[in-house]
Amino acid sequence: MEVRKSRAFQPVYDKKSKILILGTAPSIKSCESGFYYGHPQNRFWKVIAGLCQSGIPETVKQKKELLLNNGIALWDVIDTCEIIGSADSSIKNIVVNDFSKVLRESQIEAIYANGTKALQIYDKYVEKETKIKITGLPSTSPLNARYSFDMLFQAWEKELSQYIK
């Protein structure tokens, strides 16, 4: 597979956002769909819908509304990188996003990483700037076969239920 240059989508947030969930970089399927977690087997939208007691959103507009109506901001820790396919393990030449505007224009109380790689990159490059600790959550990727949907949902619910009513 060929190395591709990946570029982050714009962040989804507003002044009422209380939590920020960070991925690493858009996958090929997400780039094709034009929005976060676009792979049909990624469990992100199913988990968020369950936490928010909502139907699973299908359109970009519905996804943004679900996030914003529940105080959730969404972005990737990486602004640009080189990546082979969609494999986080192949990420090189990382440039991280500048979180200052999102943090200034919202009410972020907690930051969560969707998966280990996002957690590692935030810890290494971002925390010293934001001074905000990040909490790791198990990845919603279909490659995370160690977690059944129920296990994944329970782990996310345990962390996020205090923020999502």
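Is Arg7 buried or exposed? Arg7 counts as exposed, at 54% relative accessibility, because the cut-off for exposed is over 50%. Please keep in mind throughout that this is a predicted model. With that said, here are some points to help you find your way around.

1. **The partner of Arg7.** A good place to start is the salt bridge between the side chains of Arg7 and Asp79, at 3.5 Å from N to O. Arg7 sits in strand S1 (residues 3-7) and Asp79 in strand S4 (residues 78-84), so this pair ties together parts that are 72 residues apart in sequence. Asp79 is buried, because its relative accessible area is 16% and buried means under 20%. Arg7, as said above, is exposed.

2. **The sheet around that pair.** Strands S1 and S4 belong to an open sheet of three strands, with the order S1-S4-S5 and antiparallel pairing. S1 and strand S5 (92-96) are the edge strands, each pairing on one side only. From one strand to the next, the twist averages 15°. Strands of a sheet pair through backbone hydrogen bonds, either parallel or antiparallel.

3. **A closer look at S1 and S4.** These two strands pair in the antiparallel sense over five bridges. If you would like a spot to zoom in on, try Arg4, which stands opposite Ile83 in S4.

4. **A helix across the strands.** Helix H5 (residues 116-130) lies across S4 and S5. Its direction is at about 60° to that of S5.

5. **The other salt bridges.** How many salt bridges does the structure hold? There are four, and the Arg7 and Asp79 pair is one of them. Side chains of opposite charge can pair when their charged atoms come close. Two further examples each sit within a helix. In helix H1, the side chains of Glu32 and Lys29 meet at 3.7 Å, N to O; these residues are three apart, about one turn of the helix. Glu32 is exposed at 57% relative accessible area, while Lys29 is partly exposed at 38%. In helix H3 (residues 60-69), Lys61 and Glu65 are four residues apart, again about one turn, and their side chains meet at 3.8 Å, N to O. Here Lys61 is exposed, with a relative accessible area of 59%, and Glu65 is partly exposed, with 38%.

6. **The nonpolar core.** Which residues touch the most other members of the largest nonpolar core? They are Ile48 and Trp156, in a core of 49 residues. Helix H2 (residues 44-51) supplies the largest share of this core, with six residues. Apart from its neighbours within four places in sequence, Trp156 is in contact with several residues, including Phe44, Val47, Ile48 and Leu51. Its contacts also include Ile21, Leu137, Pro138 and Asn114.

7. **A buried threonine in a loop.** Thr24 is found in the loop between strand S2 (19-23) and helix H1 (28-33). Although this is a loop position, Thr24 counts as buried at 7% relative accessibility. The side chain of Thr24 makes a polar contact of 2.9 Å with the side chain of Asp88. Leaving aside neighbours within four places in sequence, the residues in contact with Thr24 include Asp88, and also Asp76, Val77, Ile78 and Ile91. Lys117 and Ala118 are among its contacts too.

Definitions and conventions: Residues are numbered from 1 along each chain as its sequence is written. This is a predicted model: local features need pLDDT of at least 70, side-chain atom pairs count only at pLDDT 80 or more; totals for chains, interfaces and linings use all residues. Side-chain values use heavy atoms; hydrogens and water are left out. A nonpolar core is a set of buried Ala, Val, Leu, Ile, Met, Phe, Trp, Tyr and Cys residues joined through side-chain atoms within 4.5 Å. Buried means under 20% relative accessible area, exposed over 50%, partly exposed in between (1.4 Å probe, protein chains only). Contact means heavy atoms within 4.5 Å. A polar contact is a pair of N or O atoms within 3.5 Å; within protein, one must be able to donate a hydrogen and the other to accept it, and residues adjacent in sequence count only if both atoms are side-chain atoms. Two strands pair if DSSP finds at least two bridges between them. Axes are lines fitted to C-alpha atoms, for helices over the stretch in contact, and angles run from 0 to 180 degrees between N-to-C directions.
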